[in-house]
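Reader: I should like to learn how to read the features of a structural model. Could you take me through one, giving the general idea and then the case at hand?

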Amino acid sequence: MLKIGIVGLAQVGKTTFFRIVTKSHGAGLSTGRPEAHVGVVSVPDPRLDRLSGMFHPRKTVPASIEYVDTPGSIIELARGGTEGAALREVEALAHVVRAFDTEPGSLLRDLETVELELMLSDLVVIEKRLERLEKDVKKQKNPALDLELQTLRSCKATLEKQRPLRELTLSPDEERAVRGFTFFSLKPALYILNLDEKDAARTGQAEEFARAAGLRHKPHTMVVAVCGKVEAELAELSDAEAVEFMASFGLAESAIARVIRSSYQLLGLISFFTVGEDECRAWTIHAGATAWEAAGEIHSDIQHGFIRAEVAGYDDLIACGSLVEARNRGRLRLEGKEYVIKDGEIVHFRHSG
Ligand SMILES: Nc1nc2c(ncn2[C@@H]2O[C@H](COP(=O)(O)OP(=O)(O)OP(=O)(O)O)[C@@H](O)[C@H]2O)c(=O)[nH]1
Ligand SMILES: [Mg+2]
């Protein structure tokens, strides 16, 4: 499952954001609690709803994302050993920046403070490892160690220029050589601007807020805006009440859908669907993943016994109205292991065993 870690300075609205996306309610989530919280979010996808309408399955299973809410400032967390562990395994950072009750310039300063801290923490790890590695390569010839040494040196040089590691282009081999370190500044970052209530109607204009704050676009980052205060209230309402409440703030949709869409875009993720009377389900894969890799996402048995994938485009299936009709009209294709799955495709894996 995709895991995203929520980080930022103290009291910027991390837990508020966590509650919004996970729709978890007040109790047990008071501010300043020391432990990290984990919450699972269903990915809203109107296409899945539509497919369920077509198949009337017993179960509809959306894709899900796990969010980790870290307590307090990332600065202490990055410096402390064990608490940071929860963050090591996340695939991306949701970096909450305070844009309410602030003075001019604070947004950019806060954001850079956090980024710098992530870089320093990585630098400490690298320096420690290099010390060891430089001795080892003198003792033995080992191409793997040489590659690691070279890669860590270029990582170090990048950090010393005060650039996060996500701005360094690594070859697949180099990436593999340093993957185990799970560097913080290598993780893609979604900057979440937590706006003031008076700006609630402008949450769709994150880019403009970013520009006004002097934040330039950087590789492997994206900006979204939420209004934590308003959205937190929204999360407590029924769907019908929520629509009315959003309208009163001029909001077209809740932050959840927008934040999740941005996370997918940031990480280059797409969805495919499996359908049937038993279950309609959305799955998350990286864009460019093959049918064989997609099969593995569902179950290793399906991957090992892979024979063929039957594939239909989302729009094709909707236009045909049923799988039978899609097959009759030749819209259901048979594809092999190497086939690259496209966003929204409906896939049925034929497998042995
Ligand atoms: N006015 C305003 N207040 C907010 C907003 N978002 C959060 N707050 C308030 O800011 C305070 C801190 O919010 P939290 O979500 O607990 O912040 P946090 O980053 O989790 O705090 P720590 O975990 O203690 O570092 C709370 O009193 C919130 O009600 C917002 O958008 N507008
Ligand atoms: Mg908190």
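Reader: Is Gln11 buried or exposed, and how is that decided?

Author: A residue is buried if 20 or more other C-beta atoms lie within 10 Å of its own, exposed if 12 or fewer, and partly exposed in between, with C-beta atoms placed from the backbone. Gln11 has 14 other C-beta atoms within 10 Å, so this residue is partly exposed. Please note that this is a predicted model, in which local features need pLDDT of at least 70 and side-chain atom pairs count only at pLDDT 80 or more, while totals for chains, interfaces and linings use all residues. Residues are numbered from 1 along each chain as its sequence is written, and chains are lettered from A and ligands numbered from 1 in the order in which they are written.

Reader: Where does Gln11 lie?

Author: Helices (H or I, at least four residues) and strands (E, at least two) are DSSP runs, numbered from the N terminus. Gln11 belongs to the loop between β1 and α1. Its phi is positive, near 60°, although the residue is not a glycine. Thr182 also has a positive phi, near 40°, in a residue other than glycine. Thr182 sits in the loop between α7 (172–179) and β6, and is partly exposed because 16 other C-beta atoms lie within 10 Å.

Reader: Which residues surround ligand 1?

Author: A residue counts as near a molecule if its C-beta atom, placed from the backbone, lies within 6 Å of it. Ligand 1 is surrounded by 20 residues, the closest being Gly13, Lys14, Thr15, Thr16 and Gly228. Two elements, α1 (14–22) and α9 (228–235), give two or more residues to this shell, and α1 supplies the largest share, three residues. By type, the shell divides into five nonpolar residues (Ala, Val, Leu, Ile, Met, Phe, Trp, Tyr, Cys and Pro), five charged (Asp, Glu, Lys and Arg) and ten polar (the others, Gly among them).

Reader: In what order do the strands of the open sheet stand?

Author: Two strands pair if DSSP finds at least two bridges between them. Here six strands form an open sheet with mixed pairing, in the order β2-β4-β1-β5-β6-β7. Because β2 (37–42) and β7 (221–226) each have a single partner strand, they stand at the edges, and one side of each lacks a neighbour in the sheet. Axes are lines fitted to C-alpha atoms, for helices over the stretch in contact, and angles run from 0 to 180 degrees between N-to-C directions; the twist averages 25° from one strand to the next. Strands β1 (residues 2–7) and β5 (residues 92–99) run parallel and are joined by four bridges, with Gly5 standing opposite Leu93 in β5.

Reader: Which strands does helix α5 touch?

Author: Residues are in contact if their C-beta atoms, placed from the backbone, lie within 7 Å. Helix α5 (residues 106–139) packs on the sheet and touches β1, β5 and β6 (189–195), its direction making about 150° with that of β5. Helix α11 (residues 255–267) also packs on the sheet, touching β1, β4 (64–69), β5, β6 and β7; its direction makes about 180° with that of β7. Within α5 lies Leu130, which touches Leu152 and Lys156, not counting residues up to four places away in sequence.

Reader: How many residues of helix α10 are buried?

Author: The count is zero among the ten residues of α10 (residues 239–248), a helix that is hardly covered. Gly250, with a positive phi near 75°, follows α10.

Key
Two residues are in contact if their C-beta atoms, placed from the backbone, lie within 7 Å.
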